[in-house]
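Reader: I'd like to go through this one with you, starting with the empty space inside and then moving on to the rings. Could you put it up first?

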Amino acid sequence: MMARTKRSRRSYGAGEWGRNRVRIFPDPKTGNFQIEWRENGRRRSRSLGHRDWPRAKKQADEFAAGFVGPDLNGKQEAEPEPLKLGELFDIYGEEVTPTKGWKARGYDRTAMRMFLRFFGRNRDPATLSQRDWDRFIRERRAGRIGPSGRPVSDRMVEYDLKFLIAVLNWAARSRDDRGRLLLDRNPLKGLRKPTEKNPTRVVLTEEEYRALLEVSGRVDWRFRVALVLAHETGHRIGAIRQLRWSDISFEGGTILWRAEHDKSGHEHVTPVTTEALEALEGARRSNPGLGDAPVLPAPKSPSKCMGSALGQGWWVRAEKLAGLEPKPGRGWHSLRRKFASDLMDQPLKVLCELGGWKTAKTVLQCYQKADEGQLRKALEARRRSRG
């Protein structure tokens, strides 16, 4: 009896049901054709490793006719070599790292070099264990590994391990060109990362802000605009630096914060204060522009946004001009903490929308800090409510 064949829009079948039936179909994740058959009552399948429809159809016919076995080549398929850590980082560096910002790309490359020196390029990532985890924490804390060669805080160790976990999680979700997962699972999933017990999270005071604002014009008009926007909107300096005129609505009094410039990828629109609009009007006078022209252009490349190093240098200069003693942790991000603390009386949902936070938990843990005046005010309100 001749083998019956059937072709549909999504698959192709060859052979007879209950005897030598096989089917080919495209893998929804990789696009490569899969072949499926029954062996001893169990359903089996294998990737053909290509997307050539005529070739896949011919292989199905040959398989059903018994000309070839499950390997389709008359030989047992060789087990693939275990993925090495160096190969995994190479793939991640080619496919994921380029999608990140320039600062994150630089960190990725540095972290990958550090982990490869520590674990070895030929290490099978599936064999990483609690012992490797603990050993890395000890050595990194002591400064025996890492680019600086100096001891680092638990916060830095945590940051490094988060990167390693992210790479392993990505590998456990990604497949090769034959449809196999790069890693069956993340071997380090669930292990406890060290955390900073008392992290330094400086909140810029109102007096410090006023002192910086007073000297801001002597630094650069861009610094003054960025300072006011950071204070009035509570957004990160990275998002402020990359604003375009098309993001600003003077009529509506709003700013569009683009997802590609937001650390958490959260695109949103916020209303802004009169002070912020006045600063933007001043920027438009200093830098007339339309459409996608940057609000804060680089001094030497007007078509590009100002860089982060320039903003940091201006901050240090402004502190000196204002007579402020240097304080670790007091920088652009201290304005974001000030914004969260100044609006502590507002509902958390409102505050998160205004400042671009995705979760209230982050605000409570990392940004809001009650001062003595707020604590005394709360106690006084309690006393009055008790009569």
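**Cavities and rings**

Author: This is a predicted model, and its largest cavity is lined by Ala-239, Gln-242, Leu-243, Asp-247, Leu-256, Trp-257, Arg-258, His-261 and Asp-262.

Reader: How do those lining residues divide into nonpolar, polar and charged?

Author: The lining of the largest cavity comprises 4 nonpolar, 2 polar and 3 charged residues, and the space in that cavity comes to about 50 Å³.

Reader: And how many cavities of 30 Å³ or more does a search of the whole structure find?

Author: The search finds 2; the second largest holds about 40 Å³, and its lining includes His-235, Arg-236, Lys-263, Arg-336, Gly-355 and Gly-356. Ala-239, His-261 and Asp-262 line the largest cavity and also appear in the lining of the second largest, where the residues divide into 1 nonpolar, 4 polar and 4 charged.

Reader: Switching to the rings, how many aromatic pairs are there?

Author: The count comes to 15 aromatic pairs. In one of them, Trp-37 and Phe-63, the ring centres are 5.1 Å apart and the planes meet at 50°, so the pair is tilted.

Reader: Which parts of the chain does that pair tie together?

Author: Trp-37 belongs to strand 4 (residues 33-39) and Phe-63 to helix 1 (residues 53-65), so the contact ties together parts that are 26 residues apart in sequence.

Reader: Are Trp-37 and Phe-63 buried or exposed?

Author: Trp-37 is buried, and Phe-63 is buried as well. Another pair, Tyr-107 with Phe-163, is edge-to-face, with 5.8 Å from centre to centre and 85° between the planes.

Reader: Where do Tyr-107 and Phe-163 sit in the chain?

Author: Tyr-107 is in helix 3 (residues 102-119) and Phe-163 in helix 5 (residues 154-173), so this pair links distant parts of the chain, 56 residues apart. Tyr-107 and Phe-163 are both buried, and they belong to one aromatic cluster together with Phe-89, Tyr-92, Tyr-159 and Trp-170.

Reader: What sits over the ring of Phe-250?

Author: That is the charged end of Arg-284, which lies 4.0 Å from the centre of the Phe-250 ring.

Reader: Last topic, the cysteines: what is the disulfide count, and are Cys-305 and Cys-352 buried or exposed?

Author: The count comes to 0 disulfides. Cys-305 is buried, with a relative accessible area of 19%, and Cys-352 is buried too, with a relative accessible area of 7%.

Methods. Residues numbered from 1 in each chain as written. Predicted model: local features only at pLDDT ≥ 70, side-chain atom pairs only at ≥ 80, totals over all residues. Heavy atoms only, no water. Phe/Tyr/Trp six-rings, centres within 6.5 Å; stacked < 30°, edge-to-face > 60°. Helix = DSSP H or I, 4+ residues; strand = E, 2+ residues; numbered from the N terminus. Buried < 20%, exposed > 50% of the residue type's maximum accessible area, 1.4 Å probe, protein only. Lys NZ or Arg CZ within 6 Å of the ring centre and 35° of its normal. Disulfide = S-S within 2.5 Å. 1 Å grid on protein atoms, 1.4 Å probe; cavity = no way out; pocket = protein on both sides within 12 Å on 5 of 7 lines; lining within 4 Å. Points joined across faces, edges and corners; volume = space filled by probe spheres on them. Nonpolar A, V, L, I, M, F, W, Y, C, P; charged D, E, K, R; others polar.
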